[in-house]
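Here is a quick tour of a protein–DNA model, with the sequence and coordinates to look at as you read. Take a moment to turn it around before going on.

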Protein chains: 2
Amino acid sequence: MARPRVTLRDVARRVGVHPSTVSRALNPATRGLITEGIARRVTRAAARLGYRLNPIAYGLKTNRSRTVGVLVPDITNPVFPPIIRGIEDALAEAGYTAILANTDNDAGRERVILENMFARRVDGLILATARRRDPVVERCIAEDLPAVLINRMVDSGAVSSVVNDDAFGVQLVVRHLIDRGHTRIAHLAGPLTLSTGNARHRSFLSALKAAGLRNDARRVVACGAFSESEGRLGFLELWRRDRSFTAVVAANDLLALGCYDAARELGVRVPDDLAVTGFNDMPFVDKLQPPLTTVRIPHYRMGAQAARTLVARLHNRDAPVEHVTLRPELVVRASTAALEAAGRGTARVRAVRSAL
Amino acid sequence: MARPRVTLRDVARRVGVHPSTVSRALNPATRGLITEGIARRVTRAAARLGYRLNPIAYGLKTNRSRTVGVLVPDITNPVFPPIIRGIEDALAEAGYTAILANTDNDAGRERVILENMFARRVDGLILATARRRDPVVERCIAEDLPAVLINRMVDSGAVSSVVNDDAFGVQLVVRHLIDRGHTRIAHLAGPLTLSTGNARHRSFLSALKAAGLRNDARRVVACGAFSESEGRLGFLELWRRDRSFTAVVAANDLLALGCYDAARELGVRVPDDLAVTGFNDMPFVDKLQPPLTTVRIPHYRMGAQAARTLVARLHNRDAPVEHVTLRPELVVRASTAALEAAGRGTARVRAVRSAL
DNA sequence: GTGACCTCGACAATCGATTGCACGGCGAGG
DNA sequence: CCTCGCCGTGCAATCGATTGTCGAGGTCAC
């Protein structure tokens, strides 16, 4: 039997005071208004009866739901689960609950979901879906709903965000490749409409420049999406344009996977003929053949940080906009290893090419 | 500015009727009580004003939250995201929202989370965490909270469930191996305290029996958890006991991954010396070297089905307990391919072994 | 023409909390 | 001893919906 829940009145009756007194005694912010003795008796009685605040009633009265909406493109993409765990763990700590939704990067779906979030009276939003100019973000600003972006940013910078230091990550990769003797490095960029794709692309160009390498426009292809199939197509396009590169910096692991596919089709061997790097360090990329050199992003920490930033804003409506950047680390694996040891170069690549 | 939301009273005022009339006109179940003409005017006005039911107020009054708790062990485990998507998509269709929580298989955490779910007044629970005898499930029964189990079952069968047909899946795998010429087949079982580990183990034994193969107890090892490291240890134990088997049926993909690791350490080649099969068809196991033969479980459909079962129960409190079983399919890849073609057998395995 | 019945919608209570306001009692100061 | 002020608590309104009850008005039969 669902025993009836204990309410404020029950506690009040038990102690012999008015419900409002109980409410005040139990609320840390107003507890000071109540005589210490009574407050203690209330607390004890509440504990004994097993009183729990009814969040629904609380929400109705205060118009706060202690609930946060979390929008991700697709939870099935393995970068998001750790982010989500980070968010949920940090939110739980502050007494908030997450409501998750997948947008599939579909603007229509996004609108519906957003509508639903508003209806559910979420106190704030964490968005992993932002485009560089984003209607959802603008709506949040217009409606004055606190939001924090994660993983991506909007160009205007008007909303708090927690992102990976993409520039630093790309730098790590490029330096690593140069250390391995590469000078002709191609880039398989992500969609330039996403801040990640854009930032990594720009960072790639400046990393080349910083190393004194010339930038050949033929060696950069932007993919339409962060997916394996787009990666494959992108690599084929790179290859069609010019085959003189000895390394590819893919803007994320899925694109790198596409490179593997295309390379296999073309008979190009990784890493003997070509070095490939990814970005994200998704689960299992260490199990690929060869294991993928990539950049590990602190996803869990990013999630937790985003949640904390949002909670801070929720507790203090005019906390300043904050942009947190977390440092990634390079994970070297066999897809780029032992290059100079093999003493290989263009000649070898040419041989493969003619064998096609 | 957060414009004030439109309420029932606003609509009522606009049409010139009482709020209760609006409520009834908008609720399909009670709409019949209202004259068609008024009902239409109300509907139109509501649409024009952009009225949206306030779920908080609704929840307070009806003691229903249109919210469902979803407990999974760890969203980071790649089998769960598709399940969760299935759940959320199906729930959304019925106007419900999921609240997700990760238990980490920790009973203490589970209790806290459950308490929180009760406090949030979830209308029902979907559990992917059930042990064969489970306190959470018992609590749900005691409190009369509708629940549906997914992926796992409880021994008592007292709660609805949606599971994969593990027996059928194991049968597919064993038959496939036998077709490939294997007769000495080992089994790396999961924890027997979980219904999946238990069912797959039992099915393995009966599949052997059905094929007229003898069951050698040395060829079965139960792992302590569904993890790569446990899989590795389990395989080493199998190997220590007896090396005459030519194939391993792992109870899930992570265990199979552990087999790959151990095999590599021992110098055993897959599939040339040993066939390995998994279970689940996790993302990227097709990228392993060699790609893993495994059983694909319809995770998304399971999630969706679980949600629908729960919603049915929510709409009709005495819907019968229901156990749905979904059929998996065999995905043949290189980890078991072309065995008989290689004409290999014990002799070859012996050779490898002596080479250690 | 009148009474019984039925239909439709208004009224008001309610869910469980928060919070502005009023009030009673007490201490201090004149 | 009276009054003023303040402190601590009770009172009651409120958030936005649902729903049992009641009454007004219309219809129909006698």
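What rotation superposes chain B on chain A, and with how much shift along its axis? It takes 180° with 0.1 Å of shift, and the RMSD comes out at 0.2 Å; the fit is by least squares on the C-alpha atoms of residues with pLDDT of at least 70 in both copies. The two copies are thus related as by a two-fold rotation axis.

## Ground rules

This is a predicted model, where local features need pLDDT of at least 70, side-chain atom pairs count only at pLDDT 80 or more, and totals for chains, interfaces and linings use all residues. Residues are numbered from 1 along each chain as its sequence is written, while chains are lettered from A and ligands numbered from 1 in the order in which they are written.

## Chain A on its own

Chain A has 14 helices and 12 strands, taken as DSSP runs numbered from the N terminus (helices H or I, at least four residues; strands E, at least two). Its C-alpha trace spans about 90 × 40 × 35 Å along the principal axes. The radius of gyration of chain A is 26 Å, against near 21 Å for a compact globule of 356 residues; that is taken over C-alpha atoms, with the globule rule being 2.2 Å times the number of residues to the power 0.38.

Buried residues account for 46% of chain A (buried means 20 or more other C-beta atoms within 10 Å of the residue's own, with C-beta atoms placed from the backbone).

## Where the chains meet

On the B side, 33 residues are in contact with 33 residues of chain A (contact means C-beta atoms, placed from the backbone, within 7 Å). In chain B, α4 (55–62), α5 (80–93) and β2 (97–102) each supply at least two of these residues. By class, that side holds 19 nonpolar, 6 polar and 8 charged residues (Ala, Val, Leu, Ile, Met, Phe, Trp, Tyr, Cys and Pro count as nonpolar, Asp, Glu, Lys and Arg as charged, and the others, Gly among them, as polar).

Since 100% of the interface residues of chain B are also interface residues in chain A, the copies meet through the same surface.

## Around the DNA

Strand D has 25 residues around it, the closest being T21(A), T7(B), S20(B), S23(B) and A57(B) (near means a C-beta atom, placed from the backbone, within 6 Å). α4(B) gives the largest share of that surface, 5 residues.

For strand C there are also 25 residues, with T7(A), S20(A), S23(A), H18(B) and T21(B) the closest. Here the largest share, 5 residues, comes from α4(A).

Notes:
Contact = placed C-beta atoms within 7 Å. Buried ≥ 20, exposed ≤ 12 C-beta atoms within 10 Å, placed from the backbone.
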